[in-house]
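User: I am new to this structure and should be grateful for a close look at one part of it. Please describe how its strands and helices are arranged there, and which residues form the contacts.

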Amino acid sequence: MMMFRNNVQATSSKVLAMMMTRSLRYSSSSSSASAASASAASAAASGAVERMPKFLVTGSTGQLGVQLVSLLRSTFGAASTLATDVRLPTDQNMLNEGPYAFLDVTNGDAVRRLADQHEATHIVHLASLLSAVGEANPELALRIGNEGTKNVLEAARDCEGGSPRTVYAPSSIAVFGPSAGKVAGDKSHLMPSTVYGITKVHLELLGAYYRKKYGVDFRSLRYPGVVSATPGGGGTTDWSMDMLMYARQMLSDKAAGKTTTAIPFECFLKKDTFLPYVSMDDTLNETVKFMSASQPPQCTYSVSGLSFTPEQLHESIRRHIPEFEVTYNPCAVRQKIADSWPDSCEDSAARRDWSWNPAVSTADALVDQILFHEDADDAGEQNLQKATIK
């Protein structure tokens with residue numbers, strides 16, 4: 001087990017009792033708060049599972065979904081989390097380690113039926129079309145983003161268990177446009193330049209409406225670019241993962257005694273495009289913390305871990321691979337989107353209200369984590385651990 005996964009598991013163990021206490025309202029709403037707390041402690045001590053939260057996750061085969069499903073199952077039990085999507089996962093572990101079902105979030109009856117059948121206390125709504133893909137198919141992006149969100153919130157409001165379900169549905173820095181300025185936060189002007197951003201503004205506003213009118217515990221984080229050593233899903237910040245995966249492969253080839261490629265990595269953004277990011281490790285840790293905390297004062301929070309440019313990430317990688325080269329061939333669509341987003345996000349409210357505290361705050365730390373610590377296949381991981389390129 002690598003450092004990356006250990007860090008996440010350490011955080012998840014801390015929130016287990018909190019999440020169990022919150023979930024008691026679904027099974028014993030007439031008990032007092034003190035009795036609920038005592039019961040949760042007793043359940044945690046005895047290993048009982050009847051009071052565990054249960055999750056329905058939409059869009060579970062995406063970049064975040066695969067790892068979040070794995071974390072929820074390892075924390076709350078394999079049967080706790082029903083993974084869903086409109087396609088089968090490429091990672092067979094998702095099918096082998098817990099329940100999986102086909103779900104089109106634009107089908108409201110199907111969303112409600114699966115949530116009821118699974119007895120879900122929480123719906124984690126990840127299904128969406130990312131920025132660049134959404135611009136290529138805006139009609140589908142609107143259907144998934146707007147209809148899907150409404151259907152999830154309706155399933156949370158009108159459930160067989162009586163009490164509304166908790167909904168966690170991430171937002172994005174795509175809600176901002178040029179009018180937000182270079183440093184954006186919770187109170188910044190929302191005027192997105194993409195259909196993806198429009199669907200996220202809709203998500204935030206509709207979630208807040210359902211919280212106020214129906215008592216749905218809706219929560220959302222405005223993610224910046226989430227960086228991991230996995231392929232992206234059509235987002236504007238995918239270049240960062242592509243570059244790191246390219247570098248990681250070079251390290252693995254070198255450690256295995258293979259000839260490394262002399263072909264430069266091609267980046268689809270300009271070298272000086274400054275944008276905010278967060279590591280996948282921090283995204284998982286802090287998202288579970290946010291879902292586990294008592295209901296926060298706000299529905300939606302802006303968050304960030306660090307900001308950097310493609311050139312800065314390139315230079316950081318060169319600490320380990322001096323021969324690593326990059327060429328820049330900006331994509332007109334993605335560059336225009338990136339230019340409309342802020343350089344960084346102000347997240348003081350998240351730090352104050354529920355202790356947002358990302359561990360990775362520099363490009364060097366991010367590079368080191370992904371090149372040497374994130375999970376990989378066994379052979380590749382052994383090669384990476386032995387790699388030394390001077």
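Analyst: V226 stands opposite V278, a residue of strand β11. The model in which this pair appears is a predicted one. Three bridges join β9 to β11, the latter covering residues 275-279, and these two strands run parallel. They belong to an open sheet of three strands in the order β9-β11-β13, and the pairing in this sheet is mixed. β9 (225-227) and β13 (306-308) stand at the edges with a single partner strand each, so one side of each has no neighbour in the sheet. From one strand to the next, the twist averages 45°. In general terms, the strands of a sheet are paired by hydrogen bonds of the backbone, in either a parallel or an antiparallel manner.

The helices may be taken next, with α14 as the point of reference. Two packed helices are described by the angle between their axes together with the distance between those axes. Helix α9, residues 238-255, packs with α14 at an angle of about 50°, and their axes are 9 Å apart. The angle makes α9 oblique to α14. The crossing of these two helices is right-handed. On the α9 side, the contact is made by L244, A247, R248 and L251, and on the α14 side by V367, I370, L371 and F372. Sorted by character, the residues of this contact of α9 with α14 comprise seven nonpolar, no polar and one charged.

A further helix, α11, also meets α14. The axes of α11 (residues 310-317) and α14 (residues 363-372) come within 9 Å and cross at roughly 55°. α11 is therefore oblique to α14. Here too a handedness can be stated: α11 passes α14 in a right-handed crossing. L313, S316 and I317 of α11 make the contact with A363, D364 and V367 of α14. The residues of the contact of α11 with α14 divide into four nonpolar, one polar and one charged. V367 of α14 is thus named among the contact residues for α9 and also among those for α11.

The loop that lies between α13 (348-354) and α14 contains S355. Although S355 is not a glycine, its phi is positive, at about 65°. Most residues other than glycine have a negative phi. S355 has a relative accessible area of 44% and is therefore partly exposed, a class that runs from 20% to 50%.

E119, in the loop between α5 (108-118) and β4 (122-125), also has a positive phi, of about 55°, without being a glycine. The relative accessible area of E119 is 58%, so E119 counts as exposed.

One residue of another helix completes the description. K336 is found in helix α12, which spans residues 332-339. With a relative accessibility of 66%, K336 counts as exposed, because the limit for that class is over 50%. K336 and T236 are separated by 100 residues in sequence, while their C-alpha atoms are 9.6 Å apart in space.

How values were computed
Residues are numbered from 1 along each chain as its sequence is written. This is a predicted model: local features need pLDDT of at least 70, side-chain atom pairs count only at pLDDT 80 or more; totals for chains, interfaces and linings use all residues. Side-chain values use heavy atoms; hydrogens and water are left out. Axes are lines fitted to C-alpha atoms, for helices over the stretch in contact, and angles run from 0 to 180 degrees between N-to-C directions. Helices (H or I, at least four residues) and strands (E, at least two) are DSSP runs, numbered from the N terminus. Angles under 35 degrees count as roughly parallel, over 145 as roughly antiparallel, 65 to 115 as roughly perpendicular and the rest as oblique. A crossing is left-handed if the near helix is turned anticlockwise from the far one by less than a right angle, and right-handed if clockwise. Contact means heavy atoms within 4.5 Å. Ala, Val, Leu, Ile, Met, Phe, Trp, Tyr, Cys and Pro count as nonpolar, Asp, Glu, Lys and Arg as charged, and the others, Gly among them, as polar. Two strands pair if DSSP finds at least two bridges between them. Buried means under 20% relative accessible area, exposed over 50%, partly exposed in between (1.4 Å probe, protein chains only).
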